[in-house]
Amino acid sequence: MPYLVASDLPRQSAGRRFRDLLNQPGILKLPGAHNGMAALQAKATGFKGLYLSGAAMTASMGLPDLGIITVDDVAFFVRQIVRASGLPLLVDADTGYGEALNVMHAVRVFEDAGAGALHLEDQHLPKKCGHLNDKKLVDINDMAAKVAAAAKARRDLVVIARTDAAASEGLDGAVARARLYLEAGADAIFPEALNSAEMFRAFAARMPGVPLLANMTEFGKTPFFTAAEFEQMGYKMVIWPVSALRVANKAQQDLYAAIMRDGGTQKVVDQMQTRTELYATIGLHDYEALDASIIETIVPEGMPQR
């Protein structure tokens, strides 16, 4: 049953529910969900929390991930994902959309929209994907001020500080930044673009007792590791930020090629979500049951033959 019409609506804030997930045993698995449908499908699979990636948001809008979307753009995605699934959501807040006051505004907007957590990164604008080259970092104290601003503005929101320093300042630089960000009020640390199991273990060893987030993005600097392997290396959360969007985009590309080639979709119908599956996922009948004026939909069986 979709969150909007569910009988068991959560009574706690999203931030508290995200903290509860962090306090449970094991690693918290947060797949990327770039819209409400993806959120519903992830929830139906059994995931307890979700991640909203800046790269997935911008790509879904036909834009590059260079920090050019706004707080309101992101809040639109947050609202639809939370409304659809009701799951605690970790939001990619890029660099905070400006300086300390802008960060505070973003925290309030995202928390009001239903986010449970966000992460801020220590890059200069225009920022780049963490797995690309020549990232430029802000001064460590400037980033600490942003983290402190986020911690001051939130009610229950979990604040995660991301550092991209490993690529340019090495592990020592990343650790030094992470420790200052924790002192400034961060609840957890996200060391981005570590490129070996040894680096992941070494960073975790120098952050005892700190919840750490690992990024398992494809086609980047990090080799493939499973959630269990990240947990063994000392990590409490793992995200797969753009995986769902990559699969969906590839499927759309194949569909358009089939229409152009074959003059229709007749050869790819078996690859589609059926009408029955779609309506079950979005809970059409649950919505219809709320309003007696709506006649219950009868789903056509199969495709008519010519």
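This is a short tour of two sheets and the helices around them, with something to select at each stop. Keep in mind that the model is predicted.

**Stop 1: the five-stranded sheet**

Start by selecting β2, β3, β4, β5 and β6, which form an open sheet in exactly that order, with parallel pairing. What holds strands together in a sheet like this? Strands of a sheet pair through backbone hydrogen bonds, either parallel or antiparallel. Now color β2 (50-52) and β6, the edge strands of this sheet, each of which pairs on one side only. Look along the sheet and you can follow its twist, which averages 25 degrees from one strand to the next.

**Stop 2: strand β5**

Zoom in on residues 158-163, which make up strand β5. Is this strand buried or exposed? Six of its six residues are buried, so β5 is largely enclosed by the rest of the structure. Show the side chains to see how both faces are covered: Val-158, Ile-160 and Arg-162 lie on one side, with Val-159, Ala-161 and Thr-163 on the other, and all are buried.

**Stop 3: the neighbors of β5**

Add β4 (residues 117-121), which runs parallel to β5 and is joined to it by five bridges. Two partners are good to pick out here: Ala-117 is matched with Val-158 of β5, and Leu-118 with Val-159 of β5.

Next, add β6 (residues 188-191), which is joined to β5 by four bridges, again in parallel. Here Arg-162 stands opposite Phe-190 in β6. How does the chain get from β5 to β6? Trace the backbone and you will see it pass through helix α7, making a right-handed β-α-β crossover.

**Stop 4: two helices that pack together**

Stay with α7 (residues 166-184) and select α8 (residues 197-205) too: these helices pack at an angle of about 25 degrees, and their axes are 10 Å apart. The two are therefore roughly parallel to each other. To see the contact, show Ala-166, Leu-171, Ala-174, Val-175 and Ala-178 of α7 together with Met-199, Ala-202 and Phe-203 of α8. What classes of residue meet here? The contact of α7 with α8 has eight nonpolar residues, no polar ones and no charged ones.

**Stop 5: the three-stranded sheet**

Now move to the other sheet, an open one of three strands in the order β1-β8-β7, with parallel pairing. Its edge strands are β1 (28-31) and β7 (213-215), and each of them pairs on one side only. On average, neighboring strands of this sheet are turned by 20 degrees against each other, direction ignored.

Select β8 (residues 237-240) alongside β7, and you will find parallel pairing over three bridges. One pair to label is Leu-213, which stands opposite Met-237 in β8.

**Last stop: a helix across the strands**

Finally, show helix α1 (residues 14-23). Which strands does α1 lie across? They are β1 and β8, and α1 runs at about 130 degrees to β1. With α1 and the β1-β8-β7 sheet on screen, you have reached the end of the tour.

Definitions and conventions. Residues are numbered from 1 along each chain as its sequence is written. This is a predicted model: local features need pLDDT of at least 70, side-chain atom pairs count only at pLDDT 80 or more; totals for chains, interfaces and linings use all residues. Side-chain values use heavy atoms; hydrogens and water are left out. Two strands pair if DSSP finds at least two bridges between them. Axes are lines fitted to C-alpha atoms, for helices over the stretch in contact, and angles run from 0 to 180 degrees between N-to-C directions. Contact means heavy atoms within 4.5 Å. Angles under 35 degrees count as roughly parallel, over 145 as roughly antiparallel, 65 to 115 as roughly perpendicular and the rest as oblique. Ala, Val, Leu, Ile, Met, Phe, Trp, Tyr, Cys and Pro count as nonpolar, Asp, Glu, Lys and Arg as charged, and the others, Gly among them, as polar. Buried means under 20% relative accessible area, exposed over 50%, partly exposed in between (1.4 Å probe, protein chains only). A crossover is right-handed if, with the strands pointing away from the viewer, the path from the first strand over the helix to the second runs clockwise.
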